Amino acid sequence: ILFQIFDAFKSRLHDSNSKVNQVALETMHKMIPLLKDNLSPVINMLVPAMVDNNLNSKNPGIYAAATNVIQALCQHLDNYLLLQPFCTKAQFLNGKAKQDITEKLA
């Protein structure tokens, strides 16, 4: 069930409507402390959805919400769950998104 919920939710994380996108990121930020390591089955699907476009967004609200989500992931999940998806994203991102993810990896 968790996979089905987040499969539907991930499209909101990069919705073309910036308000929907930002609210989805803010909602994700609230869910992470509640779900913690229970997110492990869907983390490889969620990290790209949260990072792609959002960390390079020119919209300050979306960028701030995305960085808050990444921070919450680092605070509430075991680091080994984040290592592979962050490494994968760091290889293919550019700009400030690459810098932000690389800093989290370090």
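## Helix H5

Helix H5 covers residues 79–92, 14 residues in total. From its first C-alpha to its last, H5 reaches 20 Å. That is close to the 20 Å expected at 1.5 Å a residue. The model described here is predicted.

H5 also bends, by about 25° at Pro85. Pro85 is one of the buried residues of this helix. The others are Leu81, Leu82, Phe86, Lys89 and Ala90. What do the buried residues of H5 pack against? They pack against three helices: H3 (43–51), H4 (60–76) and H6 (95–105).

## Leu105 in helix H6

Leu105 lies in helix H6. Is Leu105 buried or exposed? Neither label fits, because its relative accessibility is 31%, which counts as partly exposed.

Set aside the neighbours within four places in sequence. Leu105 is then in contact with Leu83, Phe86, Cys87 and Ala90. Two of these names, Phe86 and Ala90, also appear among the buried residues of H5.

Now compare Leu105 with Lys10. In sequence, the two are 95 residues apart. In space, their C-alpha atoms are 23 Å apart.

## The nonpolar core

The largest nonpolar core holds 32 residues. Which of them touch the most other members? The answer is Leu13, Met28 and Leu73. Six helices feed this core: H1 (2–10), H2, H3, H4, H5 and H6 each supply at least two residues.

Take Met28 and again leave aside neighbours within four places in sequence. Met28 is in contact with Phe6, Phe9, Leu13, Leu39, Leu46, Met50 and Val69. One of these partners, Leu13, is itself named with Met28 among the residues that touch the most other core members.

## Two loop residues with positive phi

Most residues other than glycine have a negative phi. Two loop residues here go the other way.

Lys36 sits in the loop between helix H2 (18–35) and H3. Its phi is positive, about 45°, although Lys36 is not a glycine. Lys36 has a relative accessible area of 41%, so it is partly exposed.

Asn53 is in the loop between H3 and H4. Its phi is about 70°, again positive in a residue that is not a glycine. Is Asn53 buried or exposed? Asn53 counts as exposed, because its relative accessibility is 59%.

Conventions
Residues are numbered from 1 along each chain as its sequence is written. This is a predicted model: local features need pLDDT of at least 70, side-chain atom pairs count only at pLDDT 80 or more; totals for chains, interfaces and linings use all residues. Side-chain values use heavy atoms; hydrogens and water are left out. Helices (H or I, at least four residues) and strands (E, at least two) are DSSP runs, numbered from the N terminus. The expected span of a helix is 1.5 Å times one less than its number of residues. The bend at a residue is the angle between axes fitted to the seven residues ending there and the seven starting there. Buried means under 20% relative accessible area, exposed over 50%, partly exposed in between (1.4 Å probe, protein chains only). Contact means heavy atoms within 4.5 Å. A nonpolar core is a set of buried Ala, Val, Leu, Ile, Met, Phe, Trp, Tyr and Cys residues joined through side-chain atoms within 4.5 Å.
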